[in-house]
Amino acid sequence: MTVRQPHPIEVRSYEILRSRVDLSPMPPLWRAVAERVIHATADLEYAVDLLTREESLNQGWAALRGGAPIVTDEGMVAAGITARETICHAADPAAARMARAAGITRSAAAVRLSYSEVGPGAVWVVGSAPEAIFEIIARRVGPSLVIGMPVGFVGACEAKEALRASGLPQLSNVSEKGGSAVAAAAVNALLYYEPERYEAGQYEAGHYEAGRP
């Protein structure tokens with residue numbers, strides 16, 4: 001994983017957010033993701049909007065540590081992931097051709113192209129296109145983790161709900177909020193996560209539900 005020295009402004013940002021919201025009941029990876037998302041958005045509501053399981057985040061973190069590919073649904077998500085190269089076929093002309101031929105969206109076609117390249121075990125990151133989430137579920141891509149955070153009033157909540165119901169290892173949020181910066185922040189949290197920063201037993205393991213430590 002990537003070891004980094006945070007900028008002093010980032011350090012101060014974390015100090016401020018920790019003074020405003022207590023995330024200590026969360027297990028460590030969930031807390032790391034929630035804090036980075038809040039740091040990236042200045043939106044404290046993400047403390048109760050994110051839904052996942054700690055074991056799912058652990059699976060994704062271990063996969064990234066082992067070099068698993070990261071697939072994104074759009075270039076803006078890819079641009080926000082600062083520590084690793086990613087795979088994104090959203091702008092690939094082949095995706096446009098496949099979409100026309102198969103009568104599917106370009107986002108769905110990009111998922112198909114990406115899966116043909118990476119196979120099972122990848123970390124999939126969606127910040128924009130609900131259709132990408134539905135295609136990930138339908139294609140049975142065998143992900144290590146799906147980060148599904150599309151933003152919008154049309155289809156976003158439904159896609160995230162379908163992801164949670166799919167049984168796939170996932171990180172999502174309940175509301176219409178989300179977007180490329182949020183999805184990228186969640187990935188960066190896993191890439192930057194350092195277990196030695198957390199004392200053994202300091203945080204409860206298992207499934208943390210928003211508002212219920």
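In this predicted model, helix α7, spanning residues 106–118, lies across strands β2 and β3 and runs at about 160 degrees to β3. A second helix, α9 (residues 156–165), lies across β1, β4 and β5, with a direction of about 145 degrees to β5.

| Helix | Residues | Strands it lies across | Angle |
|---|---|---|---|
| α7 | 106–118 | β2 and β3 | about 160 degrees to β3 |
| α9 | 156–165 | β1, β4 and β5 | about 145 degrees to β5 |

The strands beneath these names belong to an open sheet of five strands, whose order is β1-β5-β4-β3-β2 and whose pairing is mixed. Its edges are formed by β1 (50–52) and β2 (70–72), each of which pairs on one side only, and neighbouring strands are turned against each other by 15 degrees on average when direction is ignored. Strand β2 runs parallel to β3 (residues 123–126), to which three bridges join it, and Ile70 stands opposite Val123 of β3.

Turning to the interior, the largest nonpolar core has 38 residues, and Val33, Leu50, Val125, Ile147 and Leu190 are those with the most contacts inside it. At least two residues of this core come from each of α1, α2, α3, α4, β3, β4 and α10, with α10 giving the largest share, ten residues. Val125, when its neighbours within four places in sequence are left aside, is in contact with Ile70, Val71, Thr72, Asp73, Val77, Ile147, Ala183 and Val187. Another core, of 15 residues, lies apart from the largest one and includes Val118, Ala122, Val126 and Ala132.

Definitions and conventions: Residues are numbered from 1 along each chain as its sequence is written. This is a predicted model: local features need pLDDT of at least 70, side-chain atom pairs count only at pLDDT 80 or more; totals for chains, interfaces and linings use all residues. Side-chain values use heavy atoms; hydrogens and water are left out. Two strands pair if DSSP finds at least two bridges between them. Helices (H or I, at least four residues) and strands (E, at least two) are DSSP runs, numbered from the N terminus. Axes are lines fitted to C-alpha atoms, for helices over the stretch in contact, and angles run from 0 to 180 degrees between N-to-C directions. Contact means heavy atoms within 4.5 Å. A nonpolar core is a set of buried Ala, Val, Leu, Ile, Met, Phe, Trp, Tyr and Cys residues joined through side-chain atoms within 4.5 Å. Buried means under 20% relative accessible area, exposed over 50%, partly exposed in between (1.4 Å probe, protein chains only).
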